[in-house]
Amino acid sequence: MLPPQSRIPARPLGKTGRSVTLFGLGGEGVLRTWGQEKAAARVITQALDQGVTYCDTAPAYAGSLDYYGATLSERRQQIFLASKTHDRTRDGSLRLLDESLRRACTDHFDLWQLHDLRTLDDLNRIFGKGGALEALLQAKTEGRVKHLGLTGHHDPAILLEAMRRFSFDTVLVALNAADVHRMPFASTVVAEAVKQNMGVIAMKTCAQKRLLHRLSMAEALGYAWSIPGVSLAIVGCETPGEVDENAELARTFQPLPAETMRELEARTRLEARAFAYFKA
């Protein structure tokens with residue numbers, strides 16, 4: 001076990017009742033590949049050795065589930081493992097869950113999320129008869145998933161409508177220093193999540209490194225961690241060195257003052273659309 005001074009700070013993850021490290025291992029980077037078993041195992045192992053307690057995956061992320069299944073073994077109990085369903089139906093989502101649990105070599109996910117909500121049609125299918133929400137509720141009743149969430153980076157209005165229709169435990173949402181300039185998530189989705197005591201998981205904090213010619217990684221992550229209500233940020237990592245860097249940034253993080261937040265936003269203004277390429 002890491003000595004207290006070396007541990008990554010943790011925050012509560014909303015109504016799940018669990019606490020998770022500020023830095024979580026994202027499903028991108030080397031984990032969203034095929035045939036990179038050794039490299040992926042090194043990244044996962046390094047994250048666990050650094051004390052990371054939140055790990056993200058999805059059936060849409062290439063071999064990610066298989067990499068976790070091959071690497072976690074008895075260390076599965078150390079982490080809060082989050083997966084997703086991109087299927088909008090009950091039966092399709094339950095089939096995905098069966099396959100995902102098998103690939104990850106686990107009997108449950110700590111969090112199962114509706115993946116990448118984009119349109120009202122998505123919501124109507126998910127919340128309608130035979131929709132994916134039925135799968136989430138069944139899986140939770142069966143104990144195969146512990147908590148329920150949703151994810152999105154396309155349109156804040158869609159996430160807000162989903163949060164109105166059902167009381168989720170968490171939301172995984174795109175948050176970076178360019179967010180304020182167009183279709184903001186922080187002032188809408190995150191604000192509503194705080195009202196509902198939902199855990200907020202930040203993603204795309206450096207816009208797949210696009211932001212890093214304007215901000216340092218410390219600034220990019222510091223911005224997301226400083227948004228009120230954010231529980232953690234997940235980051236896809238290519239190498240163990242990137243894991244180490246992000247873990248150290250979490251250990252040394254101090255909340256950014258408001259004037260620093262505004263200055264970082266100003267630095268992103270001219271290229272805001274490129275830094276928020278994932279929005280509608």
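**How many salt bridges does the structure hold?** The structure holds 20 salt bridges, a salt bridge being a side-chain nitrogen of Lys or Arg within 4 Å of a carboxyl oxygen of Asp or Glu.

Before the exercises, a short word on the model. This is a predicted model, where local features need pLDDT of at least 70 and side-chain atom pairs count only at pLDDT 80 or more, while totals for chains, interfaces and linings use all residues. Residues are numbered from 1 along each chain as its sequence is written, and side-chain values use heavy atoms, leaving out hydrogens and water.

**Exercise 1. Find the salt-bridge partner of Arg88, and say whether the two residues are buried or exposed.**

Step 1. Arg88 pairs with Asp122, and their closest N and O atoms are 3.4 Å apart.

Step 2. The pair links distant parts of the chain, 34 residues apart: Arg88 sits in the loop between strand E5 (80-85) and helix H3 (90-104), and Asp122 in helix H4 (residues 120-127). Helices (H or I, at least four residues) and strands (E, at least two) are DSSP runs, numbered from the N terminus.

Step 3. Arg88 has a relative accessible area of 8% and is buried. Asp122 is buried as well, at 11%. Here buried means under 20% relative accessible area, exposed over 50%, and partly exposed in between (1.4 Å probe, protein chains only).

**Exercise 2. Follow Arg144: which residues does this arginine bridge to?**

Step 1. One partner is Asp98, with the closest N and O atoms 2.5 Å apart. Asp98 lies in helix H3 and Arg144 in the loop between helix H5 (132-141) and strand E7 (145-152), so this pair ties together parts that are 46 residues apart in sequence.

Step 2. Glu142 also forms a salt bridge with Arg144, at 3.2 Å between the closest N and O atoms.

Step 3. Check the surroundings of the two acids: Asp98 is partly exposed at 43% relative accessibility, and Glu142 is partly exposed at 44%.

**Exercise 3. Describe the setting of Asp56: where does this residue lie, and what does its side chain reach?**

Step 1. Asp56 belongs to strand E4 (residues 54-56) and counts as buried, with 2% relative accessibility.

Step 2. Its side chain makes a polar contact with the side chain of Lys84 (2.6 Å). A polar contact is a pair of N or O atoms within 3.5 Å; within protein, one must be able to donate a hydrogen and the other to accept it, and residues adjacent in sequence count only if both atoms are side-chain atoms.

Step 3. The side chain of Asp56 also reaches the backbone nitrogen of Gly27 at 3.1 Å.

Step 4. Leaving aside residues up to four places away in sequence, Asp56 touches several residues, among them Leu25, Tyr61, Ala82 and Ile234, where contact means heavy atoms within 4.5 Å.

**Exercise 4. Compare Ala62 and Cys105: what phi does each have, and is each buried or exposed?**

Step 1. Recall that most residues other than glycine have a negative phi.

Step 2. Ala62, although not a glycine, has a positive phi of about 50 degrees. Ala62 lies in the loop between E4 and H2, and is buried at 12% relative accessibility.

Step 3. Cys105 is not a glycine either, yet has a positive phi of about 55 degrees. Cys105 is placed in the loop between H3 and strand E6 (109-114), and counts as exposed at 58% relative accessibility.
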